[in-house]
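These are my notebook entries on what I looked up in one structure. I set them down in the order in which I checked them.

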Amino acid sequence: MYKRQPKIGQIPLRNYDQLTAKDVVNRVQRLSAPQVTAILDYERARKKRATVIRAVEQRLAAAS
């Protein structure tokens, strides 16, 4: 993981494309808001995994 805010469309976590949806969902609660937002942007643009998008949206809603 990195500390700076990722650019839109940038891979949000190291080896992200090899992670299963379950792996990503399990990590969401431990990530910073910018990282979670990057995952949401990346999923919406590329992978489109509904379970990941739903988990990320819930995490962001809980943080606000």
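**Entry 1: Asp23.** I began with Asp23 and asked how much of its surface is accessible. The relative accessible area of Asp23 is 31%, so I recorded it as partly exposed, since the partly exposed class lies between 20% and 50%. Asp23 sits in helix α1. I then looked up a partner across the chain: the C-alpha atoms of Asp23 and Val52 are 9.4 Å apart, although 29 residues separate the two in sequence. I note here that the model is predicted, and that every value in these entries is computed from it.

**Entry 2: Confidence.** Before going further I checked how far the prediction may be trusted. The mean pLDDT of the protein is 87, and 86% of the residues reach at least 70. Among the elements, α1 has the highest mean pLDDT, 96, and α2 the lowest, 93. I keep one caution in mind: where pLDDT is low, predicted coordinates should not be read in detail.

**Entry 3: Overall layout.** I counted three helices and zero strands. Read from the N terminus, the order of elements is α-α-α. The protein has 64 residues, and 34% of them count as buried. Its accessible surface comes to about 4300 Å², with 51% belonging to carbon and sulfur atoms. I also looked at how distant in sequence the contacting residues are. Among contacts between residues at least 6 apart, 58% join residues at least 24 apart.

**Entry 4: The buried side of α1.** Which residues of α1 are buried? I found Ala21, Val24 and Val28. These residues span an arc of only 65° around the axis, so they are on the same side of α1. The general rule helped me here: an α-helix has 3.6 residues a turn, so residues three or four places apart point the same way. The buried residues of α1 pack against α2 and α3.

**Entry 5: The largest nonpolar core.** I next examined the largest nonpolar core, which has 14 residues. Those with the most contacts inside the core are Leu13, Tyr16, Val24, Ile39, Val52 and Val56. The elements that give two or more residues to this core are α1, α2 and α3, the last covering residues 50-63. The largest share, four residues, comes from α2. I chose Ile39 for a closer look. Setting aside residues up to four places away in sequence, Ile39 touches Pro12, Leu13, Tyr16, Val24, Leu31, Val52 and Val56.

**Entry 6: An aromatic pair.** How many aromatic pairs does the protein have? The count is one. The ring centres of Tyr16 and Tyr42 are 5.3 Å apart and the planes meet at 85°, so the pair is edge-to-face; the cut-off for that class is over 60 degrees. Tyr16 lies in the segment before α1 (21-28), whereas Tyr42 lies in helix α2 (residues 33-47), so the pair ties together parts that are 26 residues apart in sequence. Both Tyr16 and Tyr42 are buried.

**Entry 7: Ala33 and Leu60.** I then looked up two residues that touch each other. Ala33 is in helix α2, and Leu60 is in helix α3. Ala33 has a relative accessibility of 39%, so it counts as partly exposed. Leu60, at 23%, counts as partly exposed too, because the limit for buried is under 20%. Leaving out residues up to four places away in sequence, Ala33 touches Arg59 and Leu60. With such neighbours likewise set aside, Leu60 is in contact with Ala33, Val36, Thr37 and Leu40. I also noted two C-alpha separations. Ala33 and Arg59, 26 residues apart along the chain, are separated by 8.7 Å. Leu60 and Pro34, also 26 residues apart, are separated by 9.9 Å.

**Entry 8: Positive phi values.** My last search concerned the backbone. Most residues other than glycine have a negative phi. Asn15 is not a glycine, yet its phi is positive, near 60°. Asn15 is found in the segment before α1. Lys48, also not a glycine, has a positive phi of about 60°. Where is Lys48 found? I located Lys48 in the loop between α2 and α3. Its relative accessibility is 54%, so Lys48 counts as exposed.

Definitions and conventions: Residues numbered from 1 in each chain as written. Predicted model: local features only at pLDDT ≥ 70, side-chain atom pairs only at ≥ 80, totals over all residues. Heavy atoms only, no water. Phe/Tyr/Trp six-rings, centres within 6.5 Å; stacked < 30°, edge-to-face > 60°. Buried < 20%, exposed > 50% of the residue type's maximum accessible area, 1.4 Å probe, protein only. Contact = heavy atoms within 4.5 Å. Core = buried A, V, L, I, M, F, W, Y, C linked by side-chain atoms within 4.5 Å. Arc of directions from axis to C-beta. Areas by Shrake-Rupley, 256 points an atom, 1.4 Å probe, with all protein chains shown as cover. pLDDT = per-residue confidence, 0-100.
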